[in-house]
Amino acid sequence: MTESSSEKLIEVLRKAVSRTSLLAEGNDPKLDSVVRHIRQVINKGADAQQIQDALNNAEPLLIQSDEAQMGRAKLIRSVLQELIDLLEKQPGYRVPQSERKQLEGQIRLHWQSSSQWPQLLKGFLTLAESTLENTAEPRSSSSFFKRLFNRRSSPSDSQKNDQEIMLQISHTLAGLLNNLSLPSHHDDDIADLRKALLGNKNLQELPGILDEVINLVMVAIGKSQENLTNYLNQLNKQLASINDSISTSYHSQKTLSESRHGLNTQLQRQVKDTSQAVKSASDLDSLKSLINDRLSSISSTMTDYQSQMHQQEKHATQSITLLKNKVTRMEKDTVSLRSLLQEKLAQAMTDSLTDLPNRTAYQDAILPLCQVMQKTQKPLCLAVCDIDHFKNVNDTWGHLAGDKVLRLVPKQMRDALKDEDLIFRYGGEEFVIVLPNTTLEQAMERAEAIRLAVVKAPFNVQGEPVTISISIGVAELQPKESPNDLFGRADKLLYSAKEAGRNQVMASK
Ligand SMILES: Nc1nc2c(ncn2[C@@H]2O[C@H](COP(=O)(O)OP(=O)(O)OP(=O)(O)O)[C@@H](O)[C@H]2O)c(=O)[nH]1
């Protein structure tokens, strides 16, 4: 579960509990079924999202119930006010004003709290009794309502007044009964009481009827508290389920283990405290405020946790950015290292004096070349060339002049070769030429062309023309011959050419 969904869930729970706690009587069948559904969802161990969905579905009904509860509270308030006004209107009776004000103050304070309704109704009875006692000349010794409301002189007036008062009181109390929303097994009680109210014109029976109404109000509130307690217990389970869900959700995040542990401990403690407090709470108001306190405290724990999470995320993001930069730098370094490596490799494969591929390059290239030619049964020849009496060049004109000759000779060779032919400086004054797709005859011709190109080249050392010649041994690769054997044969032929007087080509299959 993400931070914001936890926050939303807590918010929904807060709304749900505050609204439902106002009206948890369970008298609306639709609301009952929705609340049952929520409990089933919770009992099945649903996750936080499913619980939230169920609560969202319940919300419109909770709002409706909320409004219905407010309607009932307003009705109680107006019933009480009407009863007080009736008292005031009775000629010859004086309502003790301090007690009246006190009662009206109580009504103003508690009219919205259903648990206080019986007390308020009893308060009215007490006020009525005090009014009676305050009266200087009581008219009769019948029931106090009769005396209270039937003080007039003539019997016909008295009877008429009785009926009017009965009508008014019956109307207000019947309205109250209609809106009490008692469980169905009280239907008969309500019907009897309504019948008594509407059918009976005798004021003497009013105190008894009022007592019955008070009893029914108490029954309604008793049920409401029982349902509310059940609901709050379910809510408590719900909070525990959220806690589990949070624990599970963050279980895999090892880096958050410390703050998760702290959050778990705090939530568990808060849920436990709530559970105990719900058991010991005695009335609706204290339950409501208690649950609100608990939810606030859980909510603030969540907020703390979220800010910790936020900090950790921030650190994680910074670390990731640093890591990314590091990786980018490493990638760049790798690219430049790779090109450096390629450069070094090329250097390692190249002869610095002549810029030709060197002996290492030859050894790298010759094996795969030979294998391809042998596999495809194409001819390949190898020519091993050596400058004749090169020592003399060095000795006569110096080492630098020798170097110059070493650079110029392969240039002459190149002119006599094909593009696909490869020249390597094998070492010292020795060059190897690989001639792919070339028969021995073709190789001999090309070797001869090379020899001529060199010997005819107008070398000029320290202003003097110098003739340079080369000797060449040429061999053709045999079907199963190794590159070393091929080289050995060509090298031998080179020495044969040297021995035969130099400046010549010796070849063999
Ligand atoms: N200037 C210069 N001389 C080199 C280089 N490498 C090898 N040499 C010289 O090449 C000469 C080779 O001499 P030898 O092996 O006696 O052969 P040669 O004088 O060419 O005689 P033959 O091969 O028998 O015709 C030596 O004097 C080496 O010092 C180089 O890079 N630069």
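This is a short dialogue about a ligand site and one strand residue in a predicted model.

Me: What should I know about the model before I start?
Reply: It's predicted, so local features need pLDDT of at least 70 and side-chain atom pairs count only at pLDDT 80 or more, while totals for chains, interfaces and linings use all residues. Residues are numbered from 1 along each chain as its sequence is written, and side-chain values use heavy atoms, with hydrogens and water left out.

Me: Which residues come nearest to the ligand?
Reply: A residue is near a molecule if one of its heavy atoms lies within 4 Å of it. Here 16 residues surround the ligand, and His389, Phe390, Lys391, Asn394 and Asp403 come nearest.

Me: Which element gives the largest share of that shell?
Reply: Helices are DSSP runs of H or I, at least four residues, and strands are runs of E, at least two, numbered from the N terminus. In this case α14 leads with 4 residues; β1 (380-387), α13 (390-397) and α14 (399-415) each supply at least two.

Me: Where are polar side-chain atoms of Asp386 and Asn394 relative to the ligand?
Reply: A polar contact is a pair of N or O atoms within 3.5 Å. Asp386 has a polar side-chain atom 3.2 Å from a ligand oxygen, and Asn394 has one 2.7 Å from a ligand nitrogen.

Me: Is Glu476 buried or exposed?
Reply: Buried means under 20% relative accessible area, exposed over 50%, partly exposed in between (1.4 Å probe, protein chains only). Glu476, in strand β6 (residues 470-476), counts as buried because its relative accessibility is 10%.

Key: A polar contact is a pair of N or O atoms within 3.5 Å; within protein, one must be able to donate a hydrogen and the other to accept it, and residues adjacent in sequence count only if both atoms are side-chain atoms.
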